[in-house]
Amino acid sequence: MNIEKLESWFLNHKRDLNFRGQTNPYFVWISEIMLQQTQAETVEPYFEKFIHKYPTIEDLATANLDELKKIVEGIGYYRRFKLMQEAAMIIMQDYQGQFPTTYEDLIKLPGIGKYTVGAIMSIAYNKPYSALDGNVIRVLSRYLGDFGDMRKDKEKKKLDQYNQQMIEKANPRIYTEAMIELGALICRPKQPKCEICPLNAHCYAYQNDQIDNLPFLSKLKKQKEIHYTVFILEDEKNYYLRKRQESLLEGMYEWPQFESESYLASLDQLSESGIEGDILSFLGQYKHIFSHQIWVMDAYLVKKIHGESTHYIKIKKEHLEKYPMAVAHRKIKIA
Ligand code: SF4
């Protein structure tokens, strides 16, 4: 691979993103965690808010978890932020608040996998450790003409080894960012801009007209569709919310919801939990797509609430915005 050409392309064409150019490992860590499953442009405002509210590891370690989740509301995959806080606590306790500097120490922290360690080691510390994410897998499988199934770890490992060899010959900080940026801007999933790609001279996929066949990914199972009845429980001054305990969206607040297409059956379940109410109006059907399931939600406004339940918390209406709520429920229009 012509590393010089790749690095020079990056230095001339990189996007001016607010988390770029950071060498503070704490900031690199935050941005890399946010960039998992999320586009760079979406990450920017979240990154800004996050480092403003939690400028140090200590601030993150001692943060109120609800406030932390509120800061990242809308970005998805909230468990990663709970794990970040656990890691920050460990850094405070075992490393006296100093961000670990070795691969071995970083990989032990919760929520930090091989990719994130590679990114922190190379971007923050300029050390040659491969950081292989989806973008880099796409670039390398096309460049090398590797038709292995990239859902399989053993296939990804081969690319990781190649990436490691390359970064050892490169400026690690620039190389890692250049590969990720090349995947995001040039070697895109659809219609890559091969004519202006710095790797095109020796790219297998480009030279052999195989771009649409690489990377090869075996088919995933179809997402499961789940039907919910969602109740916006409202009395004169309050709403009722539930704090999720499930691993999906754990710790986020939601409207009471029941896995059923029948609102009558759902009203029965609500009543079993100790709350009674009258349905006032149908607020519409909403859909939210997660990576492995689809929620189809029929939302109803329920008034004349009576009864008590430990399943739900009563919050003042004007405080609704303060509670972290996943987009799936935030999108339900209640007025
Ligand atoms: S030449 Fe095209 S397919 Fe090959 S690495 Fe560049 S953008 Fe990707």
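This passage walks through the domains, sheets, salt bridges and backbone oddities of a predicted model.

Start with the overall layout. The protein chain splits into domain 1, covering 3–213, and domain 2, covering 224–330. Their C-alpha centres sit 36 Å apart. The two do touch, though: 9 residues of domain 1 are in contact with 16 residues of domain 2. The size of an interface is often given as the accessible area lost when the parts come together. Here, domain 1 and domain 2 bury about 950 Å² between them, and 51% of that is on carbon and sulfur atoms.

Polar chemistry shows up at this interface as well. Between domain 1 and domain 2 there are 6 residue pairs in polar contact, both residues of each pair being at pLDDT 80 or more. On the domain 1 side that touches domain 2, helices α5 (65–71) and α6 (79–94) each put in at least two residues. The largest share of that side, 3 residues, comes from α5. Sorted by class, the side of domain 1 that touches domain 2 holds 6 charged residues, 2 nonpolar ones and 1 polar one.

Now for the charged pairs. Side chains of opposite charge can pair when their charged atoms come close. Across the interface of domain 1 and domain 2, 3 salt bridges turn up. D66 and K243 also meet through their side chains in a salt bridge, at 3.3 Å from N to O. Over the whole structure, the search gives 23 salt bridges. One of them joins E181 to R15, with the closest N and O atoms 2.8 Å apart. This pair ties together distant parts of the chain, 166 residues apart: E181 belongs to helix α11 (residues 172–185), while R15 lies in the loop between α1 (3–13) and α2 (25–35).

On to the sheets, of which two are described here. In one, 4 strands make an open sheet, ordered β4-β1-β6-β5, with mixed pairing. The edges are taken by β4 (257–258) and β5, each with a single partner strand, so one side of each has no neighbour in the sheet. Strand β5 (residues 275–289) runs antiparallel to strand β6 (residues 293–307), and the two pair over 12 bridges. These strands, β5 and β6, form a hairpin with 3 residues between them. Two pairs of residues help to place the register. H288 stands opposite W295 in β6, and I279 has V302, also in β6, as its bridge partner.

The other open sheet has 3 strands in the order β3-β2-β7, with antiparallel pairing. Its edge strands, β3 (253–254) and β7 (313–316), each pair on one side only. Strand β2 (residues 238–243) pairs with β7 in the antiparallel sense over 4 bridges. Within that pairing, Y240 is found opposite K314 in β7.

Finally, a couple of backbone details are worth a look. Most residues other than glycine have a negative phi, and most peptide bonds are trans. Two spots in this model go the other way. The peptide bond from L214 to P215 is cis, its omega being near -5°. As for location, P215 falls in the loop between α12 (204–207) and β1 (224–233). The second spot is Q37, a residue other than glycine whose phi is positive, near 70°. This Q37 is placed in the loop between α2 and α3 (40–53).

Conventions. Residues numbered from 1 in each chain as written. Heavy atoms only, no water. Pairing = 2+ DSSP bridges. Domains from an automatic or database assignment. Contact = heavy atoms within 4.5 Å. Buried area = accessible area lost by both parts, 1.4 Å probe. Salt bridge = Lys/Arg side-chain N within 4 Å of Asp/Glu carboxyl O. Polar contact = N/O pair within 3.5 Å; in protein donor to acceptor, adjacent residues only side chain to side chain. Nonpolar A, V, L, I, M, F, W, Y, C, P; charged D, E, K, R; others polar.
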